[in-house]
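Here is a short round of questions on one model. Each answer sets a value against its criterion.

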Amino acid sequence: MQAWQVHENGEPSEVMRLQDVERPTPGDGQVLLKVRAANINFPDVLMCRGHYQVRPPLPFTPGVEICGETEDGRRVIANPVLPHGGLAEYAVADAAALLPAPDALDDAETAALHIGYQTGWFGLHRRAALQAGETLLVHAAAGGVGSAAVQLGKAAGATVIGVVGGADKAAVAREQGCDVVIDRRTEDVVAAVKEATGGRGADVIYDPVGGEAYTQSTKVVAFEGRIVVVGFASGTIPSPALNHALVKNYSILGLHWGLYATKNPKLILDCHQQLTELAAKGAIKPLVSERVPLSEAAAAVQRVGDGVTTGRVTVVPTGAAA
């Protein structure tokens, strides 16, 4: 079969190689899945660079989120077990962790439903307890993680403010349902949020960016507001001033979604059921901006790493070779 492999750490476009390899052999409790679609996530970029908290042994195949097909023909959502990731024609996953693919979504949309939407649901609902009528501010609102949070926020009845970088991304954020869109390249984010909220600020802030975005969040969070920290796509990890959180009376909430798989896996199943129902109603639909063949996966991972994509970029293998 064909699979992309990383033999040394570096930029994805430089270290990913498409090679002919043997199909992976499932271990105890694992299954072999034919990859129908593989969604590219920022952790794939970080793993190529050697900067992620999980460092699979070299060589490894990136791809942590797929829509796969079981031997009996079922469509499933899976997180491949590294080093046999999803940017290949076949991948290996834990049988107990497979989730049924929603009938309402195609393969590419299904591959993009899991990590970003689960993270969004846990962050907004379990951690921040977002309520209907509250104001939600989403950084990087046109990206894969941000657009999921925007859709989930609207489905929850919140007013959603999206922060983006550039006119093209602003248009995407509006299409995803943002009530207010702020282009950080041409507008003062803090002033614009205060104007949009009548000076009150945002009740919940969803931050997958870190760096300057986090600093802006602390300036516009409302009384008893909640800042949900889900990642550091900017590459800069902020150092919160806890005295500021005390004086303004807001909460800083960390979210490491992957921990639920070991700490409370039932919650992941419950969340997936709710996401499936929302998809069936048309309340959420993953924004797949690009569907690329397996041969173009390295370039696609690089684009995600460079921050020039909107929504999700999904790799769709044309078929599984022997």
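Q: How much area does the chain expose, and what share of it do carbon and sulfur atoms supply?
A: This is a predicted model. The chain exposes about 13900 Å². Carbon and sulfur atoms supply 49% of that area.

Q: Why is the chain called as compact as a globular protein of its length?
A: The rule is 2.2 Å times the number of residues to the power 0.38. For 322 residues it gives 20 Å; the chain's radius of gyration is 19 Å, close to that, so the chain is as compact as a globular protein of that length. The C-alpha trace spans about 60 × 40 × 35 Å along its principal axes.

Q: What share of the residues counts as buried?
A: The cut-off is under 20% relative accessible area. Of the 322 residues, 53% count as buried.

Q: What makes strands 10 and 13 the edges of their sheet?
A: The sheet is open, with six strands in the order 10-9-8-11-12-13 and parallel pairing. Strand 10 (180–183) and strand 13 (251–254) each have a single partner strand, so one side of each lacks a neighbour in the sheet. From one strand to the next, the twist averages 20 degrees.

Q: How do you know that strand 8 pairs with strand 11?
A: Pairing needs at least two bridges. Three bridges join strand 8 (residues 135–139) to strand 11 (residues 202–207), and the two run parallel. Leu 137 stands opposite Ile 205 in strand 11.

Q: Which strands does helix 8 touch?
A: Contact means heavy atoms within 4.5 Å. Helix 8 (residues 212–220) touches strand 8, strand 11, strand 12 (221–229) and strand 13, and packs on the sheet.

Methods
Residues numbered from 1 in each chain as written. Predicted model: local features only at pLDDT ≥ 70, side-chain atom pairs only at ≥ 80, totals over all residues. Heavy atoms only, no water. Helix = DSSP H or I, 4+ residues; strand = E, 2+ residues; numbered from the N terminus. Axes fitted to C-alpha atoms, helices over the stretch in contact; angles between N-to-C directions. Buried < 20%, exposed > 50% of the residue type's maximum accessible area, 1.4 Å probe, protein only. Areas by Shrake-Rupley, 256 points an atom, 1.4 Å probe, with all protein chains shown as cover.
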